[in-house]
Amino acid sequence: VTILAIESSCDETSASVISNGKILNNIVATQSVHEKYGGVVPELASRAHQQHLIPVIHEAMISSGIDKKELSAVAFTKGPGLMGSLMVGVSFAKSFAFMLDIPLIEVNHMQAHILSHFIDDPKPNFPFICMTVSGGHTQLVLVRDHLDMEVIGETTDDAVGEAFDKTAKLLGLPYPGGPFLDKYAQEGNPLAYSFPVADMPGLKFSFSGIKTSILYFLRDNLKKNPDFVEQNLADICASVQYTLIKTLLLKLKKAAKEHNIKEIAIAGGVSANSGLRKELGLTAEKLGWNVYIPKLEYCTDNAAMIAMAAHYKFLKSEFCGMDVVPDARMKI
Ligand code: ATP
Ligand code: MG
Ligand code: FE
């Protein structure tokens, strides 16, 4: 079974070839056009996908050493994501499958983020809880099997990645700000300033309150000292990161306890955060968890995770029709 998978949900154009469950490559073209706007511009994202898709797929096919006539199926991200971006990947996947007369496999991007854990060893044992933390989502997912997942908690407003990016923007850091905030935080004191940890009912998250309190905190301090941010950048970053991680771990611990599960995974772009990785390790030692964190290249958007999901769907003959359309708000 050999599958070509395509990811185009946001601002990464990616292709990957998987053969009998083994990822052969993961080619990613990151769009740089958005940097000067401080956020993803949907219209420009679609255009950039249109531009990059064929070269990325060409490279994936060449480096896999597999001829296109040997492919068993073509997979693509159906959603969630930006409509125009998804459209580019879906249209190509359909045409390619039609030309080769092979089945088409639709993949849910959030399910794929979780299945990135099955690319390499060690793999989590079922059932496990995965906290998916990315630019658009913050979810706690109970994973019973590769394709049997249930969202048991999620954010009621902003995603944690958004909180990282928006704070970074307020601090004048480049886009996307998450990795920069992480970098400066490593040299700062996490207890220098305190921000509120939102404790919503049950397993719900909220990140809009923290964002607002950071806004007011900066406004008040900049009034007193115009160089406040420059002089205290590392401490501010460390304190914000500490608060965001504390908020995440509060609910993760609650979910693990409620479901009596010690197999714990994280996925999505924010799982690249060094503070979160470290804190998760410490919590695991304390609570006896087995913790699973994907390799950095599989944390942010990539087609290898789409290929992994497609592999499991192929084994169950879960194909889709040629009339499939993207679903920007697709649920797990
Ligand atoms: P979704 O998967 O919800 O549709 P997305 O695809 O945009 O959203 P990802 O590519 O999975 O999200 O993740 C991007 C997010 O991860 C951005 O918000 C980025 O700032 C954040 N991020 C990446 N690295 C780090 C880091 N080291 N620390 C904190 N945040 C990070
Ligand atoms: Mg991205
Ligand atoms: Fe993503």
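In the predicted model, D182 is found in helix α5. This residue counts as buried, because 21 C-beta neighbours lie inside 10 Å of D182 and the threshold for burial is 20 or more. Leaving aside neighbours within four places in sequence, D182 is in contact with Q241, N273, S274 and G275. Helix α5, which covers residues 178-185, also holds G178. With 25 C-beta neighbours inside 10 Å, G178 likewise counts as buried. The contacts of G178, again without neighbours up to four places away in sequence, are G161, F164, D165, A168, G269 and V270. Both residues of helix α5 appear in an unreviewed UniProt entry, where "binding site" is listed for T132, V133, S134, G135, G136, D165, G178, D182 and N273. Two contacts described above therefore link positions of this list: G178 touches D165, and D182 touches N273.A second set of positions carries the annotation "binding site" in the unreviewed UniProt entry, namely H109, H113 and D301. These residues span 193 residues in sequence, yet no two of their C-alpha atoms are more than 8.8 Å apart, so the three positions gather at one spot. H109 lies in helix α3, which comprises residues 109-115, and H113 lies in helix α3 as well. H109 counts as buried because 26 C-beta neighbours are found inside 10 Å. Apart from residues up to four places away in sequence, H109 touches S9, T77, G79, P80 and G81. For H113 the number of C-beta neighbours inside 10 Å is 30, and H113 is accordingly classed as buried. Leaving aside neighbours within four places in sequence, H113 is in contact with T132, S134, A267, G268 and M305. Among these partners, T132 and S134 belong to the other set of annotated positions.

The strands were examined next. Five strands form an open sheet of mixed pairing, in the order β9-β8-β7-β10-β11. The edges of this sheet are β9 (148-154) and β11 (290-292), each of which pairs on one side only. From one strand to the next, the twist averages 25°. Strand β7 (residues 128-133) and strand β10 (residues 263-267) run parallel and are joined by four bridges. Within this pair, I129 has I264 in β10 as its bridge partner. Strands β8 and β9, by contrast, pair in the antiparallel sense, over six bridges. These two strands form a hairpin with two residues between them. One of the bridges in this pair sets L140 opposite its partner G153 in β9.

Helix α7 (residues 228-259) packs on the sheet, where the helix touches β7, β8 (138-145), β9 and β10. The direction of α7 makes about 160° with that of β7. One residue of this helix, K251, illustrates how the helix and the hairpin meet: K251 touches L140 and G153, which are bridge partners of each other. K251 is also in contact with L203 and F205, when residues up to four places away in sequence are not counted. The C-alpha atoms of K251 and L203 are separated by 5.7 Å, although the two residues are 48 residues apart along the chain. K251 counts as buried because 23 C-beta neighbours lie inside 10 Å.

Packing between helices was considered last. Two packed helices are described by the angle between their axes and the distance between the axes. Helix α4 (residues 160-170) and helix α6 (residues 208-224) pack at an angle of about 10°, and their axes are 10 Å apart. Angles under 35 degrees count as roughly parallel, and α4 and α6 are therefore roughly parallel to each other. The contact is made by A163, K166, T167 and L170 in α4, which meet I210, K211, I214, L215 and L218 in α6. By residue class, the contact of α4 with α6 divides into six nonpolar, one polar and two charged residues.

Definitions and conventions. Residues are numbered from 1 along each chain as its sequence is written. Chains are lettered from A and ligands numbered from 1 in the order in which they are written. This is a predicted model: local features need pLDDT of at least 70, side-chain atom pairs count only at pLDDT 80 or more; totals for chains, interfaces and linings use all residues. Two strands pair if DSSP finds at least two bridges between them. Axes are lines fitted to C-alpha atoms, for helices over the stretch in contact, and angles run from 0 to 180 degrees between N-to-C directions. Two residues are in contact if their C-beta atoms, placed from the backbone, lie within 7 Å. UniProt positions are given in the numbering used here, feature names are shortened, and annotations may be inferred rather than shown by experiment. A residue is buried if 20 or more other C-beta atoms lie within 10 Å of its own, exposed if 12 or fewer, and partly exposed in between; C-beta atoms are placed from the backbone. Angles under 35 degrees count as roughly parallel, over 145 as roughly antiparallel, 65 to 115 as roughly perpendicular and the rest as oblique. Ala, Val, Leu, Ile, Met, Phe, Trp, Tyr, Cys and Pro count as nonpolar, Asp, Glu, Lys and Arg as charged, and the others, Gly among them, as polar.
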